[in-house]
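Trainee: I would like a close look at one aromatic contact and at what surrounds it in the chain. Please give cut-offs as you go.

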Amino acid sequence: MIQHLVDGILVGSFLSLGAIGLTMVMHILRFANFSHAELLSIGAYCALVFDKLFESLSPFLAAKIGPLSMTAALALSILVSMALTGLSAVVIDRFVFRRVREKGGELSMVFASFGMSLVIRNVIGLIFGLSSELYSRDIAFAMVISRDPMLLVKPDQVFVLIAALLIMFAFYLVLSRTRFGFALRAIAENPNLAQVHGVNLKRMIVAVWLIGGSLGAIAGVFYGLSYQITPVMGRDLVLPIFAATIVGGIGSVYGAVLGGFIVGVASNLALVILPSGYSPSVPFLMILLVLLIRPNGLFGEARA
């Protein structure tokens, strides 16, 4: 039970990062972006490409960082991946979502996001093939944290959890302590009033996509460190990320963080009583439960 609890917390760390970007887009642009999980795939594969490139350029970058399977090349690749995935999100919005937003309605945006998710997934499959990829093929040995009860954790998992918490805390400081954070929250609450007070809506939308894409890239790399990356990883993660967003409350960044950990823990604890094949259904059941009991989520607010 404790092992599943710890594993759930580790899973929740990258689900929370993915849910933050999704809840921002849903709250500000007012549509459910089903292609958001594919940004995790873009980020994961961008990091894979540049990891191999940097390793080939310098043997020094191929050295591992302490007990981690991560190399210096992969650490640099994460930064490049964040930039490229953020730009990819901006480009997708510029040439697809913005045009649909100007000429269609919210339902058209949802259909467009479904189409984009299929396009991204299949393009990745055509380029990289359908087989799974690993950042490192070395065997990662778990550390024994406790023997009674037996508790095992890999160094990569500890790094993912700590790094994700630090990123979330940094983002919290940006939202609560900077003018940019105040402007972002103002746009989310009332776009028209925010523009009257001098907030540039178009620039803020670009910033939302950049932030969402960057956080999605980190989440995708962290997922790859913990498991493996495949072209269909976005399909597998879209339901847990949406569940985290809905459980926490659409529009609440803090709710997305908490929702990610709740979904991660619940999915792993379900393995205690359910066969592993039923684990993917847990996020769906959580969405139904929250919609029945508290439709606005834990931190969501009702809109007039």
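Are Phe14 and Tyr223 buried or exposed, and how do their rings meet?

Mentor: Both Phe14 and Tyr223 are buried, where buried means under 20% relative accessible area, exposed over 50% and partly exposed in between, with a 1.4 Å probe and protein chains only as cover. Two remarks on the source come before the detail. The model is predicted, so local features need a pLDDT of at least 70 and side-chain atom pairs count only at pLDDT 80 or more, while totals for chains, interfaces and linings use all residues. Residues are numbered from 1 along each chain as its sequence is written, and side-chain values use heavy atoms, with hydrogens and water left out.

A search of the whole structure finds 12 aromatic pairs; rings of Phe, Tyr and Trp (its six-membered ring) pair if their centres lie within 6.5 Å, and planes under 30 degrees apart count as stacked, over 60 as edge-to-face and the rest as tilted. The ring centres of Phe14 and Tyr223 are 5.4 Å apart and the planes stand at 85°, so this pair is edge-to-face. The contact links distant parts of the chain, with Phe14 in helix α1 and Tyr223 in helix α8 (residues 201-226), 209 residues apart. Helices here are DSSP runs (H or I, at least four residues) and strands are runs of E (at least two), numbered from the N terminus. Ring pairs also bring in Tyr227, so that Phe14, Tyr223 and Tyr227 form a cluster.

For contrast, take Phe50 and Phe54, whose ring centres are 6.0 Å apart with planes at 45°, so that pair is tilted. Phe50 and Phe54 are 4 residues apart in helix α2, which means a separation of about one helical turn. An α-helix has 3.6 residues a turn, so residues three or four places apart point the same way. Phe54 counts as buried because its relative accessibility is 17%, whereas Phe50, at 22%, is partly exposed.

Helix α1 covers residues 2-29, and Arg30 sits in the loop that runs from there to α2 (36-57). The phi of Arg30 is near 60°, a positive value in a residue other than glycine. With a relative accessibility of 25%, Arg30 counts as partly exposed. The C-alpha atom of Leu29 is 8.9 Å from that of Arg101, 72 residues apart along the chain.

Arg101 belongs to helix α3 (residues 72-103) and meets Asp93 in a salt bridge, at 3.0 Å from N to O. A salt bridge is a side-chain nitrogen of Lys or Arg within 4 Å of a carboxyl oxygen of Asp or Glu, and by this rule the count comes to 4. Asp93 is buried at 6% relative accessible area, while Arg101 is partly exposed at 24%. Helix α2 takes part in another salt bridge, between Glu38 and Arg121, with the closest N and O atoms 2.9 Å apart. Glu38 is in α2 and Arg121 in helix α4 (residues 106-128), so this pair ties together parts 83 residues apart in sequence. Glu38 is buried, with a relative accessible area of 0%, and Arg121 counts as buried at 17%. A further salt bridge joins Arg235 to Asp236, with closest N and O atoms 3.2 Å apart. Arg235 is partly exposed at 46%, as is Asp236 at 39%.

Helix α5 (residues 155-177) gives a check on helix geometry. The expected span is 1.5 Å times one less than the number of residues, so the 23 residues of α5 should cover 33 Å, and the end C-alpha atoms are 33 Å apart, in agreement. The buried residues of α5 include Val160, Leu161, Met168, Phe171 and Leu175.

As for confidence, pLDDT is the predictor's confidence in each residue, from 0 to 100. The chain averages 86, and 95% of the residues score at least 70. Helix α2 is highest, with a mean of 93, and strand β1 (residues 143-147) is lowest, with a mean of 68. Where pLDDT is low, the predicted coordinates should not be read in detail.
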